[in-house]
Amino acid sequence: MKHTFIMLAVSSSLLAAISGADAQHTVVTDQELMDKLRDAAPASVLKGAAILNMGADGQMKVIQVGTNGWTCIDPGGAPMCADESAMEWAKAWKSKGPAPQKLGFIYMLNGDNGTSNTDPFATEETRDNNWIKTGSHVMIVGAEAKSMMQGYPRDAKPDPTKPYVMWPGTPYEHLMLPVK
C-alpha cells in the first residue's frame with residue numbers, strides 16, 4: 001500500500017509537470033485512457049503497470065494496481081509508461097531537485113505534443129525556446145544515463161527522427177531515441 005501511495009504521488013507530480021497545469025488536462029474515462037495507452041508501450045509492460053487517471057477534481061486515481069514497477073499515464077495527450085527510476089527522475093525534474101543517479105526508461109510510442117528542447121520548464125512554445133515534437137520514441141533518463149549520451153547530437157534544434165539529447169547541459173538532460 002505504501003508503494004502504491006508513493007507511486008501515486010510521484011505520478012501526480014509527473015502528470016502535472018508534463019501537462020503544464022492540471023487545469024489544462026482533458027478528463028478522459030478510464031476506458032478512453034486504456035485505449036490511449038494501448039499503443040504507448042509494449043503489452044507486457046501495460047499488463048502489470050499501475051495505470052493512473054486524473055479525475056475532473058484534479059486528483060489522480062488508480063484504475064489498475066501495478067505489479068511490475070511501471071506506471072502509465074496520459075499527461076495531456078502524450079500517453080507514456082515509465083519505470084520506477086524514471087518516475088523518480090520526473091519528480092526531481094518537477095521539483096527542480098537533483099536528478100537521481102539511477103537509470104530510468106520511459107516509453108512514448110505514440111509520440112509527444114512537443115516541448116522546448118532547451119528549457120525543461122517551458123510550458124509553451126516561444127520564438128526562442130527551440131520547441132520540438134518527437135514521434136514514437138523511448139527516453140533514457142537519470143544522471144546514470146549521461147555516459148550513454150556521448151556522441152549523440154546536443155543541438156538546440158535536433159532532427160527528431162534521429163537519436164538526440166534533450167535539455168542538453170541541464171541536470172535533466174536525457175537521451176531521446178525515436179523508434180519509427
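## Sheet architecture

In this predicted model, eight strands form an open sheet with mixed pairing, in the order β2-β1-β3-β4-β5-β8-β10-β9. The edge positions are taken by β2 (60-64) and β9 (164-166); each has a single partner strand, so one side of each is left without a neighbour in the sheet. On average, and with direction ignored, neighbouring strands of the sheet are turned by 25° against each other.

At the β2 edge, the pairing with β1 (residues 50-54) is antiparallel and extends over four bridges. Within these strands, Met54 is placed opposite Met60 of β2.

## Helices across the sheet

Two helices are described here in relation to the strands. Helix α2, formed by residues 30-37, lies across β1, β2, β3 (70-73) and β4 (80-83). Its direction is at about 125° to β1.

Helix α4, formed by residues 84-95, lies across β3, β4, β5 (104-108), β8 (137-141) and β10 (174-178). Helix α4 runs at about 100° to β4. Both β3 and β4 are thus among the strands crossed by α2 and among those crossed by α4.

## Confidence of the model

The protein has a mean pLDDT of 87, with 86% of its residues at 70 or more. Over residues 1-13, however, the pLDDT is below 50, and this stretch makes 19 contacts in the model beyond near neighbours in sequence. The pLDDT is also below 50 over residues 15-23, a stretch with 20 contacts in the model beyond near neighbours in sequence.

Terms used
Residues numbered from 1 in each chain as written. Predicted model: local features only at pLDDT ≥ 70, side-chain atom pairs only at ≥ 80, totals over all residues. Heavy atoms only, no water. pLDDT = per-residue confidence, 0-100. Contact = heavy atoms within 4.5 Å. Pairing = 2+ DSSP bridges. Axes fitted to C-alpha atoms, helices over the stretch in contact; angles between N-to-C directions.
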